[in-house]
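Open your viewer, put the cartoon on screen and keep the selection box handy. We will go from stop to stop, picking residues and looking at what surrounds them.

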Amino acid sequence: MKCTNKLCSLMLIVSFLLCAGCGKNEADTDRPYDVYQITANVGISGMAGAADKTYFADDLCVTEDIFIGTDTTDSQVAEGAGAFNLSTNSVVYAKNIYERLYPASITKVLTAYITLKYCADLDAYVTVSENAANQAADSSVCGIKAGDVITLRDLLYGLMLRSGNDAAIAIAEYVSGDVATFAELMNSEAKAMGATQTHFVNPNGLPDPDHYTSVYDIYLMFQAAAQNQTFLDIISAKSYDVSYTDVSGNVVEKTWENTNQYLSGKTEAPEGFSVVGGKTGTTGDAGYCLVLYSYNASGQPIISVVLKADGRSNLYLLMNEMLSGFAN
């Protein structure tokens, strides 16, 4: 790992408790909101010398595995969807939010989060490998080539705006040395967030049976990333002008446009909503996907997610219905 400002992740010691009145003999480990954290010299109330518990989910939106609001929206157009009010810590819309689904390029939210967490110098130069540049012809790419020298910051913009699969591989190799090691770090970070329905094998979201997540886990990952102002600056950019050098030392200049239709102006947000940004994703297996960060008319931050929509227009249709009907 070349980024050395934080070489070790904080290890959370967690325990899963019984839900009151649920009548089970053991905790359900698929429910991250049952988790509390115990630190050194901290015990459980009622035990000798114990202090109060610190709940892992104190600042998270939590709910049972139920549908909320689906009977008044075109919910049938997507397999999973959810809206989360960060001010009230409440789930205001829900459909299959714990179901394992393919995330496509929404995966790149975690890739960006890890990069920003572990890399202090975003102006460090990265030399693009043949492996990073060698992406399928129909793949979403930034168009970087083997031998190109580009900053880590520029790669992050290419990752999140242009949704470059090549940028994702270049970042993973820079941070961890290779994709497999970076994927291990992704899974470790996801579990530390409480994302119990997530397992990633690559940094870009290309299809793999072992690469999956859920609406709720995407919320967890995105809200963690959104605490970093640089992340918010990146996802809120409508476009980005980049300049780097190729293997021969020639200057390459490009403009990367944001794939988010709220940022490109192709889709209008509901009245009263201000969209900060988000991340799109599309593959044949994942369908059309979007995670969005916005503010409602009351100034409350909202994270909303749609997974496996049956078309791009229906993706934005359901997203607007969730926001206007339940997150205002």
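What follows is a walk through cores, strands, a pocket, a cavity and some backbone angles.

**Before you select anything**

This is a predicted model, in which local features need pLDDT of at least 70 and side-chain atom pairs count only at pLDDT 80 or more, while totals for chains, interfaces and linings use all residues. Residues are numbered from 1 along each chain as its sequence is written, and side-chain values use heavy atoms, with hydrogens and water left out.

**Stop 1: the cores**

Select Leu110, Met160, Phe222 and Phe231 and show them as sticks. These have the most contacts inside the largest nonpolar core, which has 76 residues. A nonpolar core here is a set of buried Ala, Val, Leu, Ile, Met, Phe, Trp, Tyr and Cys residues joined through side-chain atoms within 4.5 Å. Buried means under 20% relative accessible area, exposed over 50%, and partly exposed in between, using a 1.4 Å probe and protein chains only. Now colour helix α6 (residues 215–225): with nine residues, α6 gives this core its largest share. Helices (H or I, at least four residues) and strands (E, at least two) are DSSP runs, numbered from the N terminus.

Next, centre on Leu110. What does Leu110 touch, not counting residues up to four places away in sequence? Its partners are Met186, Glu189, Ala190, Met193, Phe200 and Met221, where contact means heavy atoms within 4.5 Å.

Met160 leads to another helix, α3 (residues 152–160), where eight of the nine residues are buried. Among the buried ones are Asp154, Tyr157, Gly158 and Met160.

**Stop 2: the enclosed strand**

Select strand β11 (residues 287–295). Because seven of its nine residues are buried, β11 is largely enclosed by the rest of the structure. Add strand β10 (residues 274–283), which runs antiparallel to β11 and is joined to it by nine bridges; two strands pair if DSSP finds at least two bridges between them. The two form a hairpin with three residues between them. Then add strand β12 (residues 301–309), also antiparallel to β11, with seven bridges joining the two.

Click Val291 in β11 to see both pairings: Lys279 stands opposite Val291, and Val291 stands opposite Val305 in β12. In a regular strand the side chains alternate between the two faces of the sheet. Five residues separate the strands in the hairpin of β11 and β12, and there Gly299 takes a positive phi near 80°.

**Stop 3: Ser105 and the second largest pocket**

Jump to Ser105, in the loop between β5 (90–95) and α1 (108–118). Is Ser105 buried or exposed? Its relative accessible area is 8%, so Ser105 is buried. Leaving out residues up to four places away in sequence, Ser105 touches Ser163, Asn165, Asn204, Lys279, Thr280 and Gly281.

Ser105 is also one of the residues nearest the centre of the second largest pocket, along with Ser140, Ser163, Gly281 and Thr282. A pocket is an open set of points on a 1 Å grid over the protein atoms alone, with protein on both sides within 12 Å along at least five of seven lines; a cavity is a set of points where a 1.4 Å probe fits but cannot get out, and lining residues have an atom within 4 Å of a point. This pocket holds about 380 Å³ of space, a volume being the space filled by probe spheres set on the points, which are joined across faces, edges and corners.

The pocket is lined by 24 residues, and β10 gives the most, with five. By type, the lining has six nonpolar, 14 polar and four charged residues. Ala, Val, Leu, Ile, Met, Phe, Trp, Tyr, Cys and Pro count as nonpolar, Asp, Glu, Lys and Arg as charged, and the others, Gly among them, as polar.

**Stop 4: the largest cavity**

Select Pro103, Ile106, Thr107, Val109, Leu110, Phe200, Ile218 and Met221, which line the largest cavity. About 40 Å³ of space lies inside. The lining divides into seven nonpolar residues, one polar and no charged, and α1 and α6 each supply at least two of them.

**Stop 5: two backbone angles**

Finish with Ala104, in the loop between β5 and α1. Its phi is positive, near 50°, in a residue other than glycine, and at 1% relative accessibility Ala104 counts as buried. Compare Asn89, in the loop between β4 (78–85) and β5: its phi is also positive, about 50°, although Asn89 is not a glycine. Asn89 is partly exposed, with a relative accessible area of 27%.
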